[in-house]
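Let's take a walk through this protein model together, starting with one of its strands. Keep the 3D view open as you read.

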Amino acid sequence: MTVTERLLHYVSFDTQSDESSETCPSTAKQKLLGEALVEEMRALGIADARIDADGYVYGSVPGTPGAPAIGLIAHMDTSPDCSGRDIKPRIVEYTGGDIALNDTTALSPADFPILNRSVGKHLIVTDGTTLLGADDKAGVAEILSAAQLLLTSEKPHGTVKLAFTPDEEIGRGADRFDVKGFGADYAYTVDGGALGELEYENFNAASAKIEICGKSIHPGSAKGQMVNAALVAMELHGLLPALETPYYTEKYKGFYHLVAMRGETEQAELQYIIRDHDRAKFEARKAVMEKACAEIDRRYGAGTAVLTLRDSYYNMKEKIAPCMFLIENAKKAMESVGVT
């Protein structure tokens, strides 16, 4: 099976994660792909392929004794923001210009400049109504295709540890990862980025949910009494820095991103993600969110704005920076398993 065939097969599984769920994985359907991957891995000769109760898939490609064990990780889930069902992928030979996905939707180099570097390549796209799921099923396909090459090669290489995780899209992918059981000396996440690029830093990330409790009363006698939760939600959002959103920021600039909102007179809800590379600025952003909610409570009464903050993950550079000298060793380790 080629890497393309693998990706086209994997995207047929609906593996959307669900931030509102308290289970692990957050959606049971993620396990269906996990179980299929275990079956495929065993067919390739990965004897220790397994899936645990939380939906994490593990396995290893045996290597030359004494060489470092390299880990390769990808996630199985797709974003909750767009449907992951009934994916209709197709392969197009890109010659430039827009790619029409359907009668009303197209991929344009004006919106996605990377297309300008893709002329002459074959691209896999959807019909414009769903996600493709290449984030990160492409990573899964790449890892298992690499494992297949190693398993059929006589070239010496170190042991390669494989892991496929659930719930990365909702910030929980590492929550129940068995680091000790994984057993890698070095590990890499295969998930997006430019070809040949190695990333060693990322955003600090948190989610914020704000529930607004309003007070409904007949409009004819509402003066000084009605607290319209929908309007208060808008007011609260206005307390956040207007130019610190993804539209206005880039590179190392952090942001507040309003990902969902709903509201009526009595109840409203705002959902945000908070991002910043710098840990101190990240903590300051959360404090700004807390201050905005406190101000709403000051204006309309205690308990009007109920904030739930949850840290998702931190900048891995904090751990890597003290031992950056190991990067060269890691590069050599990758070369030892045929990755350049």
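## Strand β2 and its partners

In this predicted model, strands β2 and β8 pair in the antiparallel sense, with five bridges between them. Want one pair to look for? Find Tyr58 and then its bridge partner in β8, Ala163.

β2 also has strand β1, residues 50–51, to deal with: two bridges join them, and these strands run antiparallel too. Here, Ile51 stands opposite Val57 of β2. β1 and β2 make a hairpin with five residues between the strands. Look there for Gly55, which takes a positive phi near 90°.

So is β2 buried or exposed? Five of its five residues are buried, so the strand is largely enclosed by the rest of the structure. Val57, Gly59 and Val61 point one way, while Tyr58 and Ser60 point the other way, and all of them are buried.

## The nonpolar cores

Now for the greasy part. The largest nonpolar core has 30 residues, and those with the most contacts inside it are Leu37, Met41, Leu162 and Phe164. Which elements help build it? At least two residues each come from α1 (3–10), α2 (29–44), β2 (57–61), β3 (70–75), α3 (134–151) and β8 (160–165). The biggest giver is α3, with seven residues.

Zoom in on Leu37 for a closer look. Leaving aside residues up to four places away in sequence, Leu37 touches Tyr10, Met76, Val140, Leu144 and Phe164. There is also a second, separate core, made of 21 residues, and Ala206, Ala233, Phe282 and Ala292 are among them.

## A hole inside

How many cavities of 30 Å³ or more are there? The count comes to one, and the volume of this largest cavity is about 40 Å³.

You can trace its lining through Val11, Phe13, Thr78, Gly84, Ile87, Leu131, Leu132, Gly133 and Lys137. Sorted by type, the lining residues come out as five nonpolar, three polar and one charged.

## Cis peptide bonds

Next, check the backbone for cis peptide bonds. One runs from Cys24 to Pro25, with omega near 0°. You'll find Pro25 in the loop between α1 and α2.

Another cis bond goes from Asp135 to Asp136, with omega near 10°. Asp136 lies in helix α3, the helix that gives the most residues to the largest nonpolar core.

## Positive phi outside glycine

Gly55 had a positive phi, but what about residues other than glycine? Asp167 has a phi near 60°, and you can spot Asp167 in the loop between β8 and α4 (179–182). Is Asp167 buried or exposed? Its relative accessibility is 1%, so Asp167 counts as buried.

Lys251 also has a positive phi, near 55°. Look for Lys251 in the loop between α5 (229–238) and β11 (255–263). With a relative accessible area of 68%, Lys251 is exposed, whereas Asp167 is buried.

Methods. Residues numbered from 1 in each chain as written. Predicted model: local features only at pLDDT ≥ 70, side-chain atom pairs only at ≥ 80, totals over all residues. Heavy atoms only, no water. Core = buried A, V, L, I, M, F, W, Y, C linked by side-chain atoms within 4.5 Å. Buried < 20%, exposed > 50% of the residue type's maximum accessible area, 1.4 Å probe, protein only. Helix = DSSP H or I, 4+ residues; strand = E, 2+ residues; numbered from the N terminus. Contact = heavy atoms within 4.5 Å. Pairing = 2+ DSSP bridges. 1 Å grid on protein atoms, 1.4 Å probe; cavity = no way out; pocket = protein on both sides within 12 Å on 5 of 7 lines; lining within 4 Å. Points joined across faces, edges and corners; volume = space filled by probe spheres on them. Nonpolar A, V, L, I, M, F, W, Y, C, P; charged D, E, K, R; others polar.
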